[in-house]
Structures are given as structure tokens and as C-alpha cells.
Amino acid sequence: MSVATLSDVLAPAVEGGYAVPGLVCLGWEDMRAYAMAAEAERAPVILQAGPSCRAHTPLPVLGAMMRNLAESVAVPVVIHLDHGYTFEECQQALEAGFTSLMYDGSRQPLAQNIAETARVAALAHGAGISCEGEIGFVGYADGEGSAGTDPDEAARFATESGVDAMAISVGNVHLQRDHEGGLDEARIRAIEALTATPLVIHGGSGVPVAQRLHLAQTSRIAKVNIGTELRMAFGAALRAAIAADPDRFDRVAILKETHAPVMEAARAVIRGLGASGKA
Ligand SMILES: [Zn+2]
């Protein structure tokens, strides 16, 4: 083992009072460091390929790399499509070996979001894998603003779409470089009061570390996506490795030096969600 589905890892997380990190991958070096971090922490982990990752590397290649990593460690690893925008893209991810499909219809009107997400959820469940949907748009730093999740709409979305996990907009913003944001806990409690579906926070890098752990322990938030924080660790390590020796040109030699710092940063993220020792 240990290719896992999203529901395999989220149900125990809700039950056990921790959250599983959804680690944003851009290539082989970071995804390998994340898999080894999960193994070292004895934690479940979600490796996810978002739109910029897929623009750089084709889905079948990403699926093969992630499955190879999942099979090389003893802890559960979910191979997750992040922000799929079309049914066809979700279908391609399924064929490429992904075990979890996120369909993002959060820019659409509620009824359309429900109908399209339900179609992807049916595709996923028919193949024995999982589906994540998003209700309430999560904005981007220096970009589109957020539309907070309405608790009643979330309850309807969860029931009618059949998703295994639901991403919500509760003050979280993608691509934040500091931890100043903070989430609206009252809105999270209001959503939780109306639905039992595990909840997902996108833009986790912007959430204060203490609040991540508090919510992982006390709410139904079971997946927290972390991208920016780890991309910053990778970028800093890469810059240092290049600066350390101006004569070096072999990229494998340079990239090797990113491994330890990125793995350490990922281990810190895992510990910060209470997921260590849970695999
Ligand atoms: Zn996202």
C-alpha cells in the first residue's frame, strides 16, 4: 500500500482531531521531499497537482510520478487533482492514476456548481476514488476577491453534489505570503452545524499556524492546502544552492540541495496540523 483516496484519509482525521496537509506540488523535487516528509512523520499526506503544475507537466506524467512515490512509502498518499475546471480534465486525471478529483465550480451559480460537481463525484465514485468540491469562491492575493460560503448553500451543496470533501471560503485567500489572515471561526461553526461533510481550507499558507492546529483539533476541517509557504522554502533553498557555487551548472547537483530544507518545511507543516504519527 499506500496509494489512498481522499475519503480514506479524511474520515480518520475528522474522528481523530487533526488535518491532513494538501501539499501543492510543482515537480519531482518537491513531491519527493513531501512523500519523504510524510514517511518521516508517519503521517498521511495529499500530493496535489494544481493548474500551474499541470501547465508545466502533463497529467499522465504527474500521475505516474505521484504513484511511484506513493508506492515507495508506507504511509497513505492521496494523488489529488487540485482545481479541475472541466469534466474532461477530471476524466484525464482519473485515467492518469489520480485517486481524488477536485472539481472547482465555485465561480458558477449554485445550481450549476452542484450539477457539474455531482457529475464529477459520480465519475470518481464509479471508479472507487474521491471527489472534492468548492462552495463559495476563495480569492487570490492581489487578484479576485473572495465570496464567503453561505452555510445554507454549503449544506445543500454537500447533500446534492455527493462530494467527499467540501472546500469553503471563510476568510482564506490563495497565495498569501504571511500568516496574518485568520479564518472566520463563527462562519466555520455555522457551516459545521448544517453538514457533516469534511471541510477543506485552500490558501492555508495565509492562516496563522496556531489557528490551523486549533481548527484541525476542534472542527471538521480535515484538509488544509499549503502551497505558497513551501514554494517559498523551495525558492530560498534553490537560490542558496546556486549562489553557493557560481561554477556549478549541473541541475541535479543544484536541485539536490533543495531536498533537506523542503522536506524539513513539509515536516513542520505536517506537525502543525497534528497529523504526525497518525499513519
Ligand atoms: Zn485552491
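Note to self before anything else: buried means under 20% relative accessible area. I'm working on a predicted model here.

**Entry 1, strand S2.** I started with S2, residues 20–25, and checked its cover. The strand is mostly covered, with 6 of its 6 residues buried. Next I looked at which way the side chains go. Val20, Gly22 and Val24 point one way, while Pro21, Leu23 and Cys25 point the other way, and all are buried. That fits the textbook picture: in a regular strand, side chains alternate between the two faces of the sheet.

**Entry 2, neighbours of S2.** Which strands pair with S2? I found S9 (residues 221–226), in the parallel sense over 4 bridges. There I noted Val20 standing opposite Lys223. S3 (residues 45–49) also pairs with S2, again parallel and over 4 bridges. In that pairing, Cys25 has Ala49 of S3 as its bridge partner. I then traced the connection: S2, helix H2 (residues 28–41) and S3 make a right-handed β-α-β unit.

**Entry 3, the zinc ion.** Which atoms coordinate the zinc ion? I get NE2 of His83, NE2 of His174 and ND1 of His202, at 2.0 to 2.1 Å. Along the chain I read the donor spacing as H-x90-H-x27-H. His83 sits in strand S4 (77–84) and His202 in the loop between strand S8 (199–201) and helix H9 (209–218), so this pair ties together parts 119 residues apart in sequence. Are His83 and His202 buried or exposed? I checked, and both are buried.

Definitions and conventions:
Residues are numbered from 1 along each chain as its sequence is written. This is a predicted model: local features need pLDDT of at least 70, side-chain atom pairs count only at pLDDT 80 or more; totals for chains, interfaces and linings use all residues. Side-chain values use heavy atoms; hydrogens and water are left out. Donors are N, O and S atoms within 2.8 Å of the metal (3.2 Å for Na, K and Ca); water is not among the atoms, so sites may look incomplete. Buried means under 20% relative accessible area, exposed over 50%, partly exposed in between (1.4 Å probe, protein chains only). Two strands pair if DSSP finds at least two bridges between them. A crossover is right-handed if, with the strands pointing away from the viewer, the path from the first strand over the helix to the second runs clockwise.
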